[in-house]
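Visitor: I am new here and would like to learn how the descriptions of a structure are reached. Could you show me one and walk me through it?

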Amino acid sequence: MKDRDTVIGEFNDLVNMTPIELRGWLEQEQSQTSGWAGSSGETIGHESGRRIVRILEHNPNENPSDYSDQDIDHMRRVVSYCKRHLAQEERVKYDTNSKSYRSLKNWGHDSLKD
(Lines give C-alpha, C1' and ligand atoms only; values in the text may rest on other atoms or scores of the structure.)
Protein backbone atom coordinates (compact mmCIF):
# COMPACT_ATOMS: atom_id res chain seq x y z
CA MET A 1 0.00 0.00 0.00
CA LYS A 2 1.27 3.47 -0.88
CA ASP A 3 2.30 5.70 1.98
CA ARG A 4 0.37 8.84 2.87
CA ASP A 5 2.79 11.29 1.20
CA THR A 6 2.81 9.34 -2.06
CA VAL A 7 -0.99 9.22 -2.13
CA ILE A 8 -1.23 12.95 -1.50
CA GLY A 9 1.29 13.76 -4.24
CA GLU A 10 -0.35 11.49 -6.81
CA PHE A 11 -3.83 12.72 -5.92
CA ASN A 12 -2.77 16.35 -6.36
CA ASP A 13 -1.19 15.48 -9.73
CA LEU A 14 -4.12 13.45 -11.06
CA VAL A 15 -7.01 15.57 -9.81
CA ASN A 16 -6.54 18.47 -12.19
CA MET A 17 -9.99 20.03 -11.83
CA THR A 18 -10.75 22.80 -9.37
CA PRO A 19 -13.64 22.39 -6.93
CA ILE A 20 -15.66 24.86 -9.03
CA GLU A 21 -14.96 22.97 -12.27
CA LEU A 22 -15.75 19.60 -10.71
CA ARG A 23 -18.93 20.82 -9.01
CA GLY A 24 -20.09 22.36 -12.31
CA TRP A 25 -19.38 19.12 -14.14
CA LEU A 26 -21.25 17.05 -11.56
CA GLU A 27 -24.32 19.25 -12.08
CA GLN A 28 -24.43 18.35 -15.78
CA GLU A 29 -26.52 15.43 -16.97
CA GLN A 30 -23.51 13.95 -18.81
CA SER A 31 -21.77 13.32 -15.48
CA GLN A 32 -24.54 10.93 -14.47
CA THR A 33 -24.41 8.76 -17.59
CA SER A 34 -21.32 6.69 -16.90
CA GLY A 35 -20.15 4.30 -14.24
CA TRP A 36 -21.68 1.75 -11.93
CA ALA A 37 -24.71 2.66 -9.88
CA GLY A 38 -24.20 2.48 -6.13
CA SER A 39 -26.80 1.48 -3.57
CA SER A 40 -28.25 5.01 -3.56
CA GLY A 41 -28.78 4.98 -7.34
CA GLU A 42 -26.02 7.55 -7.83
CA THR A 43 -22.99 6.26 -9.73
CA ILE A 44 -19.92 5.47 -7.67
CA GLY A 45 -17.86 7.97 -9.66
CA HIS A 46 -20.41 10.74 -9.21
CA GLU A 47 -20.43 10.15 -5.46
CA SER A 48 -16.63 10.11 -5.53
CA GLY A 49 -16.62 13.46 -7.31
CA ARG A 50 -18.69 15.02 -4.56
CA ARG A 51 -16.22 13.69 -1.97
CA ILE A 52 -13.31 15.06 -4.00
CA VAL A 53 -14.93 18.52 -4.03
CA ARG A 54 -15.20 18.38 -0.23
CA ILE A 55 -11.53 17.31 0.11
CA LEU A 56 -10.35 20.09 -2.20
CA GLU A 57 -12.46 22.73 -0.49
CA HIS A 58 -11.47 21.58 2.99
CA ASN A 59 -7.76 21.82 2.20
CA PRO A 60 -7.20 24.31 -0.65
CA ASN A 61 -3.51 24.73 0.25
CA GLU A 62 -2.91 20.96 0.06
CA ASN A 63 -1.36 20.91 3.54
CA PRO A 64 -0.58 17.21 4.19
CA SER A 65 -1.39 17.45 7.90
CA ASP A 66 -4.90 18.78 7.16
CA TYR A 67 -6.08 15.57 5.45
CA SER A 68 -8.03 13.15 7.63
CA ASP A 69 -7.52 9.40 7.45
CA GLN A 70 -10.87 9.19 5.62
CA ASP A 71 -9.62 11.76 3.10
CA ILE A 72 -6.47 9.72 2.50
CA ASP A 73 -8.50 6.52 2.05
CA HIS A 74 -10.64 8.18 -0.60
CA MET A 75 -7.65 9.87 -2.23
CA ARG A 76 -6.05 6.41 -2.49
CA ARG A 77 -9.15 5.14 -4.33
CA VAL A 78 -9.07 8.15 -6.66
CA VAL A 79 -5.40 7.62 -7.51
CA SER A 80 -5.96 3.92 -8.16
CA TYR A 81 -9.00 4.51 -10.35
CA CYS A 82 -7.45 7.30 -12.42
CA LYS A 83 -4.12 5.54 -12.96
CA ARG A 84 -5.79 2.29 -13.97
CA HIS A 85 -8.17 3.89 -16.44
CA LEU A 86 -5.61 6.25 -17.95
CA ALA A 87 -3.27 3.31 -18.55
CA GLN A 88 -5.99 1.15 -20.11
CA GLU A 89 -7.76 3.63 -22.32
CA GLU A 90 -5.67 5.89 -24.52
CA ARG A 91 -8.71 7.10 -26.46
CA VAL A 92 -10.12 8.69 -23.31
CA LYS A 93 -7.83 11.64 -23.89
CA TYR A 94 -9.47 12.49 -27.19
CA ASP A 95 -13.06 11.23 -27.13
CA THR A 96 -15.04 13.57 -24.90
CA ASN A 97 -18.23 11.63 -25.68
CA SER A 98 -16.88 8.36 -24.29
CA LYS A 99 -18.11 6.97 -21.01
CA SER A 100 -14.48 6.63 -19.94
CA TYR A 101 -13.79 10.35 -20.40
CA ARG A 102 -16.95 11.26 -18.46
CA SER A 103 -16.17 8.74 -15.74
CA LEU A 104 -12.63 10.04 -15.25
CA LYS A 105 -13.98 13.54 -15.06
CA ASN A 106 -16.32 12.40 -12.27
CA TRP A 107 -13.15 11.30 -10.45
CA GLY A 108 -11.61 14.78 -10.86
CA HIS A 109 -9.40 14.17 -13.90
CA ASP A 110 -10.03 16.06 -17.14
CA SER A 111 -7.86 14.40 -19.79
CA LEU A 112 -8.04 17.47 -22.01
CA LYS A 113 -6.17 19.48 -19.37
CA ASP A 114 -3.04 17.27 -19.48
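Guide: Gladly! Helices here are DSSP runs of at least four residues, and strands are runs of at least two, numbered from the N terminus. On that basis the chain has five helices and zero strands. Please keep in mind that this is a predicted model.

Visitor: What is the order of the elements from the N terminus on?

Guide: They run α-α-α-α-α.

Visitor: How do you know what radius of gyration a compact globule would have, and what does the chain have?

Guide: The globule rule is 2.2 Å times the number of residues to the power 0.38. For 114 residues that gives a value near 13 Å, and the chain has 13 Å, so the two agree. Along the principal axes, the C-alpha atoms fill a box of roughly 40 × 30 × 25 Å.

Visitor: What makes a residue buried, and how much of the chain is buried?

Guide: Buried means under 20% relative accessible area. Buried residues make up 45% of the 114 residues. In H1, for example, Val7, Ile8, Glu10, Phe11, Asn12 and Leu14 are buried, and the buried residues of this helix pack against H3 and H4.

Visitor: Why is Asn16 called buried or exposed?

Guide: Asn16 has a relative accessible area of 19%. The limit for buried is under 20%, so Asn16 counts as buried. Its place is in the loop between H1 and H2, and a polar atom of the Asn16 side chain lies 2.8 Å from the backbone nitrogen of Asp110.

Visitor: And what is Glu62 called, and why?

Guide: Glu62 has a relative accessible area of 40%. Buried needs under 20% and exposed needs over 50%, so Glu62 falls in between and is partly exposed. Glu62 sits in the loop between H3 and H4, and its phi is near 55°, a positive value in a residue other than glycine.

Visitor: What makes the aromatic pair here stacked?

Guide: Rings pair if their centres lie within 6.5 Å, and planes under 30 degrees apart count as stacked. By this rule there is one aromatic pair. The centres of the Tyr81 and Trp107 rings are 4.4 Å apart and their planes are at 10°, so both limits are met and the pair is stacked. This pair links distant parts of the chain: Tyr81 is in helix H4 (residues 69-88), while Trp107 is in the segment after helix H5 (99-106), 26 residues apart.

Visitor: How do you know whether Tyr81 and Trp107 are buried or exposed?

Guide: Tyr81 has a relative accessible area of 13%, and Trp107 has 4%. Each value is under 20%, so both residues are buried.

Visitor: Which residues touch the most other members of the largest nonpolar core?

Guide: Of its 23 residues, Phe11, Leu22, Ile52, Met75 and Val78 do. The elements that give two or more residues to this core are helix H1 (4-14), helix H2 (19-26), helix H3 (44-58) and H4. The largest share, seven residues, comes from H4. Leaving aside residues up to four places away in sequence, Val78 touches Phe11, Val15, Ser48, Ile52 and Trp107.

Visitor: Lastly, what caps the N-terminal end of H1?

Guide: Asp3 does: one of its side-chain oxygens lies 3.0 Å from the backbone nitrogen of Asp5. A polar contact needs N or O atoms within 3.5 Å, so this distance falls inside the limit.

Terms used
Residues are numbered from 1 along each chain as its sequence is written. This is a predicted model: local features need pLDDT of at least 70, side-chain atom pairs count only at pLDDT 80 or more; totals for chains, interfaces and linings use all residues. Side-chain values use heavy atoms; hydrogens and water are left out. Rings of Phe, Tyr and Trp (its six-membered ring) pair if their centres lie within 6.5 Å; planes under 30 degrees apart count as stacked, over 60 as edge-to-face and the rest as tilted. Buried means under 20% relative accessible area, exposed over 50%, partly exposed in between (1.4 Å probe, protein chains only). A nonpolar core is a set of buried Ala, Val, Leu, Ile, Met, Phe, Trp, Tyr and Cys residues joined through side-chain atoms within 4.5 Å. Contact means heavy atoms within 4.5 Å. A polar contact is a pair of N or O atoms within 3.5 Å; within protein, one must be able to donate a hydrogen and the other to accept it, and residues adjacent in sequence count only if both atoms are side-chain atoms.
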